[in-house]
Amino acid sequence: MIISLKMNPDTEQLENLKTWLTNMGLEIHMSQGTRSLVMGLIGDTTVVDTDLILALDIVEDVKRIQEPYKNANRKFHPDDTVITAGGATIGGGHFMLIAGPCSVESREQICGIAQEVKAAGAHMMRGGAFKPRSSPYAFQGLRGEGISFLLEAKRETGLPIVTEIMDVSQLPLFEEVDIIQVGARNMQNFELLKELGSVNKPILLKRGLANTLEEFLMSAEYIMSGGNSKVILCERGIRTFETATRNTLDLSAIPVLKELSHLPVMIDPSHAIGIARHVAPMSLAAVAAGADGLIIEVHHNPAAALCDGPQSITPAAFASLVSRINPLLQLRAEFQ
Ligand code: PEP
Ligand code: MN
């Protein structure tokens, strides 16, 4: 990290800054230029709050040379992280396909869809029991009962399950859940992330609607710094000025995240585009761009779905999509 100081800095303030930084275990190298004074910091600068330094009267500018995340950084972990959950694997060349309805609506609904997506080739099943809805009057999910229906579907089909947690207090209900999802709206719920840092289960972390990739990786860092290194990053569309689609799928997140981090990167084309008939092309584009997995909303009767019907594809459309994903994955493997 480099701190450029203003001309003729107040000596007392400068000494205070130096003491503060040295107490954080950092080594300071001063260089005096003709018109400026520059401090070079050596050591673990992830602990330094750049905004705090920038607010000091004597400071002109602060620049990080190294990223503020350590555990998620590929520099310190060159190999891809491979994560296994209930027998399904993602990362390091393993592709994970997750499918299922937006929300669990009944035992029959989730068990029926689970059978169909399994037959089509899904490795895991999704279904929300706790639903973060924009309206308090919309269906909020079956909550604990929803989790028990998911577990029944898991027992019937053998498919491992992923479902969303919204609050730390719900954690005891997630004992038999294979992957815990943190939704876009909770990407910066830091207390929840910290708690998940001590859970021995993979976390599917979705990118916030308006968060940068660095903020996304810092949220992964919250979980990882607590001791849980099993984080799957999921891009699910961000808010832009475009209104023709629900969100804008940021496919560029795939190569960028995979370069910056060793964590697996998954794409959710359903929440990104929000239009069922466009889910297939975006899924294929994500595979072509190098995604390690896809999470797709599938409903047996999208028109009657209690949540996200317009973006849900039918089991038949999902089966047809899988038959196009597989040859593309083979082709991709040949080019890598
Ligand atoms: C979901 O997966 O059902 C969901 C609510 O996703 P997101 O957090 O990406 O909106
Ligand atoms: Mn949904």
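**Ligand 1 and manganese close-ups**

View 1. A polar side-chain atom of Lys-206 lies 2.9 Å from an oxygen atom of ligand 1 in this predicted model. Two further side chains offer an N or O atom to an oxygen atom of ligand 1, that of Arg-126 at 2.8 Å and that of His-271 at 3.4 Å, where a polar contact is a pair of N or O atoms within 3.5 Å. Of the 290 Å² that ligand 1 exposes when taken alone, the protein buries 97% (Shrake-Rupley, 1.4 Å probe).

View 2. The shell around ligand 1 comprises seven charged, three polar and three nonpolar residues. Among its 13 residues, those that come nearest are Arg-126, Lys-131, Ala-184, Arg-185 and Arg-236 (a heavy atom within 4 Å).

View 3. Cys-102 (SG), His-271 (NE2), Glu-297 (OE) and Asp-308 (OD) coordinate the manganese ion (ligand 2) at 2.0 to 2.4 Å (donors within 2.8 Å). Along the chain, these donors follow the spacing C-x168-H-x25-E-x10-D. Because Cys-102 lies in the loop between strand E7 (96-100) and helix H3 (107-120), and Asp-308 in the loop between strand E14 (293-297) and helix H10 (315-335), the pair ties together parts that are 206 residues apart in sequence (DSSP runs; helices at least four residues, strands at least two).

Residues are numbered from 1 along each chain, and ligands from 1 as written. Side-chain values use heavy atoms, with atom pairs counted only at pLDDT 80 or more and local features needing at least 70.

Notes:
Polar contact = N/O pair within 3.5 Å; in protein donor to acceptor, adjacent residues only side chain to side chain. Nonpolar A, V, L, I, M, F, W, Y, C, P; charged D, E, K, R; others polar. Donors = N, O, S within 2.8 Å, 3.2 Å for Na, K, Ca; no water.
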